[in-house]
Amino acid sequence: MDALLISYTTVDFRTKNELELFLRRWDEKKDYWLAKFKIAGMVSTISTQIWNKEGVFRIGRIFMYKDEKASFTCQKIFREFKNENSYIKRKISSSIGVVLDEHILN
(Lines give C-alpha, C1' and ligand atoms only; values in the text may rest on other atoms or scores of the structure.)
Protein backbone atom coordinates (compact mmCIF):
# COMPACT_ATOMS: atom_id res chain seq x y z
CA MET A 1 0.00 0.00 0.00
CA ASP A 2 1.26 3.46 -0.88
CA ALA A 3 -0.45 5.37 1.92
CA LEU A 4 1.87 7.86 3.58
CA LEU A 5 -0.49 9.32 6.18
CA ILE A 6 -3.06 7.58 8.34
CA SER A 7 -5.68 9.16 10.56
CA TYR A 8 -6.91 7.33 13.64
CA THR A 9 -10.38 8.37 14.66
CA THR A 10 -12.70 7.31 17.44
CA VAL A 11 -16.34 8.34 17.52
CA ASP A 12 -18.25 8.05 20.81
CA PHE A 13 -22.03 8.06 20.98
CA ARG A 14 -24.24 8.58 24.03
CA THR A 15 -26.46 5.61 23.27
CA LYS A 16 -26.51 2.40 21.25
CA ASN A 17 -29.42 3.82 19.24
CA GLU A 18 -27.37 6.87 18.17
CA LEU A 19 -24.49 4.60 17.15
CA GLU A 20 -26.84 2.39 15.11
CA LEU A 21 -28.46 5.43 13.48
CA PHE A 22 -25.04 6.73 12.49
CA LEU A 23 -24.04 3.37 11.00
CA ARG A 24 -27.33 3.16 9.10
CA ARG A 25 -26.84 6.65 7.66
CA TRP A 26 -23.27 5.75 6.67
CA ASP A 27 -24.45 2.55 4.92
CA GLU A 28 -27.12 4.50 3.01
CA LYS A 29 -24.67 7.06 1.58
CA LYS A 30 -21.24 5.46 1.82
CA ASP A 31 -20.87 5.00 -1.94
CA TYR A 32 -21.36 8.75 -2.39
CA TRP A 33 -18.87 9.68 0.35
CA LEU A 34 -16.28 7.05 -0.63
CA ALA A 35 -16.29 8.31 -4.21
CA LYS A 36 -15.58 11.84 -2.97
CA PHE A 37 -12.80 10.60 -0.69
CA LYS A 38 -11.23 8.56 -3.49
CA ILE A 39 -11.11 11.58 -5.80
CA ALA A 40 -9.53 13.58 -2.95
CA GLY A 41 -6.75 11.00 -2.48
CA MET A 42 -7.92 8.61 0.21
CA VAL A 43 -6.63 5.12 -0.61
CA SER A 44 -8.28 3.01 2.09
CA THR A 45 -10.57 3.11 5.09
CA ILE A 46 -11.34 0.63 7.85
CA SER A 47 -14.26 0.94 10.27
CA THR A 48 -14.59 -1.02 13.49
CA GLN A 49 -17.13 -1.21 16.26
CA ILE A 50 -15.44 -1.32 19.63
CA TRP A 51 -16.89 -4.27 21.55
CA ASN A 52 -14.56 -4.87 24.50
CA LYS A 53 -15.70 -1.86 26.55
CA GLU A 54 -18.95 -2.41 28.41
CA GLY A 55 -21.35 0.52 28.27
CA VAL A 56 -19.29 2.29 25.58
CA PHE A 57 -20.82 3.02 22.19
CA ARG A 58 -17.77 3.67 20.02
CA ILE A 59 -16.56 3.10 16.53
CA GLY A 60 -12.94 3.25 15.46
CA ARG A 61 -11.94 4.37 11.99
CA ILE A 62 -8.67 4.34 10.11
CA PHE A 63 -8.28 6.45 7.00
CA MET A 64 -5.24 6.14 4.72
CA TYR A 65 -4.17 8.94 2.39
CA LYS A 66 -1.73 8.94 -0.51
CA ASP A 67 -0.07 12.16 0.69
CA GLU A 68 -0.39 15.26 2.86
CA LYS A 69 -2.44 17.15 0.25
CA ALA A 70 -4.97 14.30 0.16
CA SER A 71 -5.24 14.39 3.95
CA PHE A 72 -6.05 18.11 3.94
CA THR A 73 -8.50 17.78 1.06
CA CYS A 74 -10.31 14.93 2.82
CA GLN A 75 -10.65 17.04 5.98
CA LYS A 76 -12.96 19.36 4.03
CA ILE A 77 -15.08 16.39 3.01
CA PHE A 78 -15.20 15.16 6.62
CA ARG A 79 -16.61 18.56 7.61
CA GLU A 80 -19.34 18.20 4.96
CA PHE A 81 -20.19 14.74 6.30
CA LYS A 82 -20.22 15.98 9.89
CA ASN A 83 -22.53 18.88 8.99
CA GLU A 84 -24.91 16.60 7.09
CA ASN A 85 -25.17 14.36 10.16
CA SER A 86 -25.08 17.05 12.83
CA TYR A 87 -28.34 15.84 14.37
CA ILE A 88 -26.53 12.71 15.60
CA LYS A 89 -24.67 13.71 18.77
CA ARG A 90 -21.17 12.30 18.97
CA LYS A 91 -17.67 13.06 20.20
CA ILE A 92 -14.91 12.68 17.60
CA SER A 93 -11.21 12.37 18.37
CA SER A 94 -8.65 12.16 15.55
CA SER A 95 -4.89 12.01 15.16
CA ILE A 96 -2.88 11.84 11.96
CA GLY A 97 0.32 9.82 11.78
CA VAL A 98 3.07 9.19 9.26
CA VAL A 99 3.55 5.55 8.26
CA LEU A 100 6.85 4.35 9.71
CA ASP A 101 6.57 0.64 9.18
CA GLU A 102 4.02 -1.77 7.71
CA HIS A 103 3.83 -5.57 7.71
CA ILE A 104 1.11 -7.51 5.93
CA LEU A 105 1.08 -11.03 7.32
CA ASN A 106 -0.57 -13.54 5.04
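Helices (H or I, at least four residues) and strands (E, at least two) are taken here as DSSP runs, numbered from the N terminus, and two strands count as paired if DSSP finds at least two bridges between them. By this reckoning, nine bridges link strand E1 (residues 5-13) to E4 in an antiparallel arrangement. The model is a predicted one, in which local features need pLDDT of at least 70 and side-chain atom pairs count only at pLDDT 80 or more, while totals for chains, interfaces and linings use all residues. Residues are numbered from 1 along each chain as its sequence is written, and side-chain values use heavy atoms, with hydrogens and water left out.

Within the E1–E4 pair, threonine 9 has serine 94 of E4 as its bridge partner. The open sheet as a whole contains four strands in the order E2-E3-E1-E4, with antiparallel pairing. Strand E2 (42-49) and strand E4 (90-98) each have a single partner strand and stand at the edges, so one side of each has no neighbour in the sheet.

Helix H1 (residues 16-40) packs on this sheet and touches E1, E2, strand E3 (57-65) and E4, contact meaning heavy atoms within 4.5 Å.

Turning to the interior, the largest nonpolar core (buried Ala, Val, Leu, Ile, Met, Phe, Trp, Tyr and Cys residues joined through side-chain atoms within 4.5 Å; buried means under 20% relative accessible area with a 1.4 Å probe, protein chains only) has 19 residues. H1 gives the most to this core, with six residues. Phenylalanine 37 touches Met42, Cys74, Ile77 and Phe78, leaving aside residues up to four places away in sequence.

Definitions and conventions
Axes are lines fitted to C-alpha atoms, for helices over the stretch in contact, and angles run from 0 to 180 degrees between N-to-C directions. Buried means under 20% relative accessible area, exposed over 50%, partly exposed in between (1.4 Å probe, protein chains only).
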